[in-house]
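Work through the exercises below with the sequence and the structure at hand. Try each task before reading its solution.

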Amino acid sequence: MVTALEISLTGDVSVTRAPDGEHHVVTGPARVVLAALVIERSTGLSRAALAGIVWPDDLPATWASALRTHVSRARTAVTRAGGLSGEVVTRAGDGYQLTLPPEVDLVVDVERARSLVEQAHRARPADPAAAVRLATTAAELVAQPFLRDHGGAGVEEGRDRLDGLVT
């Protein structure tokens, strides 16, 4: 059985199982961890790189322990919302990687928006109205900011990419 899992990285970071709508909002540093692991799911992130995203200004003295806690909270949100068992955030070298089972059909809001924009560009010459609909849907998907209230170069770069996507 295929499980459809939607992860929103704009506005409230959340994980939703479709079609029944099991929905979990991820808060605090765990939302930053989840966002980073979703974006870098093909390769994973080292602990140091992930810590630098969570704490862009200054690492706390107990960052390694705190990072494990935030990773655990992100993992729990995905497993609960998805009704999944097993490890969905695994160790990858000296870091972590989001590793979903093959039966999970993952939809990420920012990736879906990027796909819709590409479809709009392709549709524009033949069907301008369809292109507008696709682009409007993409803009609606990313209308809220990426990781609002969190800073750092990586997050700002992500925001800039999203702004460029729909403008």
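**Exercise 1. Two helices**

How close do the axes of helix 2 (residues 47-54) and helix 3 (residues 63-82) come, and at what angle do they cross? Use the angle to classify the pair, then list the residues in contact.

Solution. The model is a predicted one.
Step 1: The two axes come within 11 Å of each other, and the crossing angle is roughly 85 degrees.
Step 2: Angles of 65 to 115 degrees count as roughly perpendicular, so helix 2 is roughly perpendicular to helix 3.
Step 3: Helix 2 contributes Arg47, Ala48, Leu50, Ala51 and Val54 to the contact, while helix 3 contributes Trp63, Ala64, Leu67, Arg68 and Val71.
Step 4: Sorted by type, the residues of this contact are eight nonpolar, no polar and two charged.

**Exercise 2. The sheet of three strands**

In what order do the three strands of the open sheet lie, and which strands stand at the edges?

Solution.
Step 1: The order is 4-6-5, with antiparallel pairing.
Step 2: Strand 4 (45-46) and strand 5 (89-92) each have a single partner strand, so they stand at the edges and one side of each has no neighbour in the sheet.
Step 3: Strand 4 is joined to strand 6 (residues 95-98) by two bridges. Here Ser46 stands opposite Gly95 of strand 6.
Step 4: Helix 1 (residues 28-39) packs on this sheet and touches strand 4, strand 5 and strand 6. The direction of helix 1 makes about 70 degrees with that of strand 6.

**Exercise 3. The sheet of four strands**

Describe the open sheet of four strands and find the helix that packs on it.

Solution.
Step 1: The strand order is 3-2-1-7, and the pairing is mixed.
Step 2: Strand 3 (22-25) and strand 7 (104-108) are the edge strands, each pairing on one side only.
Step 3: On average, neighbouring strands of this sheet are turned by 15 degrees against each other, direction ignored.
Step 4: Strand 1 (residues 3-8) pairs with strand 2 (residues 14-18) in the antiparallel sense, over five bridges. Ile7 has Val15 in strand 2 as its bridge partner.
Step 5: The helix that packs on the sheet is helix 3, which touches strand 1, strand 2 and strand 3. Its direction makes about 20 degrees with that of strand 2.

**Exercise 4. One loop residue**

Where is Leu100 placed, and what is it in contact with beyond its neighbours within four places in sequence?

Solution.
Step 1: Leu100 is in the loop between strand 6 and strand 7.
Step 2: Its relative accessible area is 22%, so Leu100 is partly exposed.
Step 3: Leaving aside neighbours within four places in sequence, Leu100 is in contact with Val78, Leu84, Val88 and Leu106.

**Exercise 5. Salt bridges**

How many salt bridges are there, and which residues form them?

Solution.
Step 1: The count comes to three salt bridges.
Step 2: Arg17 and Glu22 meet at 3.8 Å, N to O. Arg17 is buried at 18% relative accessible area, whereas Glu22 is partly exposed at 33%.
Step 3: Arg41 and Glu111 meet at 2.7 Å, N to O. Arg41 lies in the loop between helix 1 and strand 4 and Glu111 in helix 4 (residues 109-123), so this pair ties together parts that are 70 residues apart in sequence.
Step 4: Glu87 forms a salt bridge with Arg75, with the closest N and O atoms 3.0 Å apart. Glu87 is in the loop between helix 3 and strand 5, and Arg75 is in helix 3, twelve residues apart.

How values were computed:
Residues numbered from 1 in each chain as written. Predicted model: local features only at pLDDT ≥ 70, side-chain atom pairs only at ≥ 80, totals over all residues. Heavy atoms only, no water. Axes fitted to C-alpha atoms, helices over the stretch in contact; angles between N-to-C directions. Parallel < 35°, antiparallel > 145°, perpendicular 65-115°, else oblique. Contact = heavy atoms within 4.5 Å. Nonpolar A, V, L, I, M, F, W, Y, C, P; charged D, E, K, R; others polar. Pairing = 2+ DSSP bridges. Buried < 20%, exposed > 50% of the residue type's maximum accessible area, 1.4 Å probe, protein only. Salt bridge = Lys/Arg side-chain N within 4 Å of Asp/Glu carboxyl O.
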